[in-house]
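This report is written for a reader meeting the structure for the first time. The sequence and the model are shown first, and the description follows.

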Amino acid sequence: MWQPRKGYRAGVDPVLLAASVPAKRGQSVLELGCGVGVASLCLAARVPDLAMTGVEVQADYAALAQRNGAENNLPFAVMTADLRALPASLRQMRFDHVIMNPPYFDRSTGTPATDQGRDTALGGDTPLRDWLDVGARRVGPRGYLTLIQRMERLPEVLAALEGRLGAFIVRPIAGRADKAPELFLLQARQEGRTAFRMAPTLIMHEGAVHLADQDSYTPAVSDVLRNGAELPIWP
């Protein structure tokens, strides 16, 4: 994956997001804020014959996403646009899956990063409610919205989606077994009627502390990162 030499560089989170999407061959996927395409292309590598579309506000990141798709032989249509002003053609479309890794921090309560690309990725100027509103609108009949976000913003996410999507599943993510979850994966379905469910916490690392400069991922996480395995939100 080509990424900026300076600025925001994707880590593990978009890979976990991609692994949790229950996509099937031939379905359509929209990623809002696709960056350089890590989540979308990891998903496309795991599930063949997906119709992948990405939206990214930063033109240089969008160009890298398009390049990454081409060089990995994974079709990926990337549009450079603000998600609050999607192209008319995209506003007429609905998708089997909408995925997103919205900025984790509320820029109104934090300090901007010095690099513009990093600041947009981590905070940006688009409220989280707007991300969720646009995402919910693009989910097709019986389709899914899947996202990853910081745990303290879970009430905000649920409030924004209440009455619009259903069958909510939340899977907390903790660094280690004795640590409080810092992130969560959430999945909701259009027309879903299943009661809210809290899945078991996904533990990222084995052991209580990091003992050496080596890989300490749990088997489930290692299988995702090394082998492109699926990671269902409801295990």
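## Overall form

What percentage of the 235 residues in the protein chain do buried residues make up? The share is 47%. This figure, like the others in this report, is computed from a predicted model.

The protein chain contains eight helices and nine strands. Its C-alpha trace extends about 50 × 45 × 40 Å along the principal axes. The radius of gyration is 17 Å, which agrees with the value near 18 Å that a compact globule of 235 residues would have.

## Contacts and surface

How much of the contact network joins residues 24 or more positions apart? Among contacts in the protein chain with a separation of 6 or more, such pairs account for 72%.

The area exposed by the protein chain is about 11500 Å². Carbon and sulfur atoms supply 51% of that area.

## The cysteines C34 and C42

A disulfide is a covalent bond between the sulfur atoms of two cysteines. The structure holds zero disulfides. C34 takes part in none, and the nearest cysteine sulfur, that of C42, is 13 Å away. Why is the sulfur of C42 not in a bond with that of C34? The distance of 13 Å is too far for a bond, although C34 holds the closest cysteine sulfur to that of C42. A disulfide would require the two sulfur atoms to lie within 2.5 Å.

The two residues also differ in their surroundings: C34 is buried, with a relative accessible area of 4%, whereas C42 is partly exposed, at 31%. C34 belongs to the loop between β1 (28-32) and α2. Setting aside residues up to four places away in sequence, C34 touches G54, V55, E56, A65, F76 and V78. T53 is 19 residues from C34 along the chain, and the C-alpha atoms of these two residues are separated by 9.0 Å.

## Helix α2 and the loop after it

V38 is part of helix α2. Is V38 buried or exposed? V38 is buried, because its relative accessible area is 10% and the cut-off for a buried residue is under 20%. Apart from residues up to four places away in sequence, the residues that V38 touches are M1, A10, P14 and V15. Q214, by contrast, is 176 residues from V38 in sequence and 23 Å from it in space, C-alpha to C-alpha.

Between α2 and β2 runs a loop that includes P48. P48 counts as partly exposed, with 35% relative accessibility. Beyond its neighbours within four places in sequence, P48 is in contact with R25 and G26. The C-alpha atoms of P48 and Q27 are 9.5 Å apart, and the two residues are 21 positions apart in sequence.

## Two residues with positive phi

Most residues other than glycine have a negative phi, and most peptide bonds are trans. Which phi does D49 have, given that it is not a glycine? Its phi is positive, at about 60°. D49 is placed in the loop between α2 (38-46) and β2 (51-56), the loop that also holds P48. With 51% relative accessibility, D49 counts as exposed.

E191 is not a glycine either, and its phi is positive at about 65°. Its place is in the loop between β7 (183-189) and β8 (197-198). E191 is partly exposed, with a relative accessible area of 40%.

## Aromatic rings and charges

A pair of aromatic rings is described by the distance of the centres and the angle of the planes. How many aromatic pairs does a search of the whole structure find? The search finds zero.

Two tryptophan rings do, however, have an arginine placed over them. The charged end of R67 sits over the ring of W2, at 3.8 Å from the ring centre. In another part of the sequence, R197 lies over the face of W234, and the distance to the ring centre is 4.5 Å.

Technical notes: Residues numbered from 1 in each chain as written. Predicted model: local features only at pLDDT ≥ 70, side-chain atom pairs only at ≥ 80, totals over all residues. Heavy atoms only, no water. Phe/Tyr/Trp six-rings, centres within 6.5 Å; stacked < 30°, edge-to-face > 60°. Lys NZ or Arg CZ within 6 Å of the ring centre and 35° of its normal. Helix = DSSP H or I, 4+ residues; strand = E, 2+ residues; numbered from the N terminus. Rg over C-alpha atoms; globule rule 2.2 N^0.38 Å. Buried < 20%, exposed > 50% of the residue type's maximum accessible area, 1.4 Å probe, protein only. Contact = heavy atoms within 4.5 Å. Areas by Shrake-Rupley, 256 points an atom, 1.4 Å probe, with all protein chains shown as cover.
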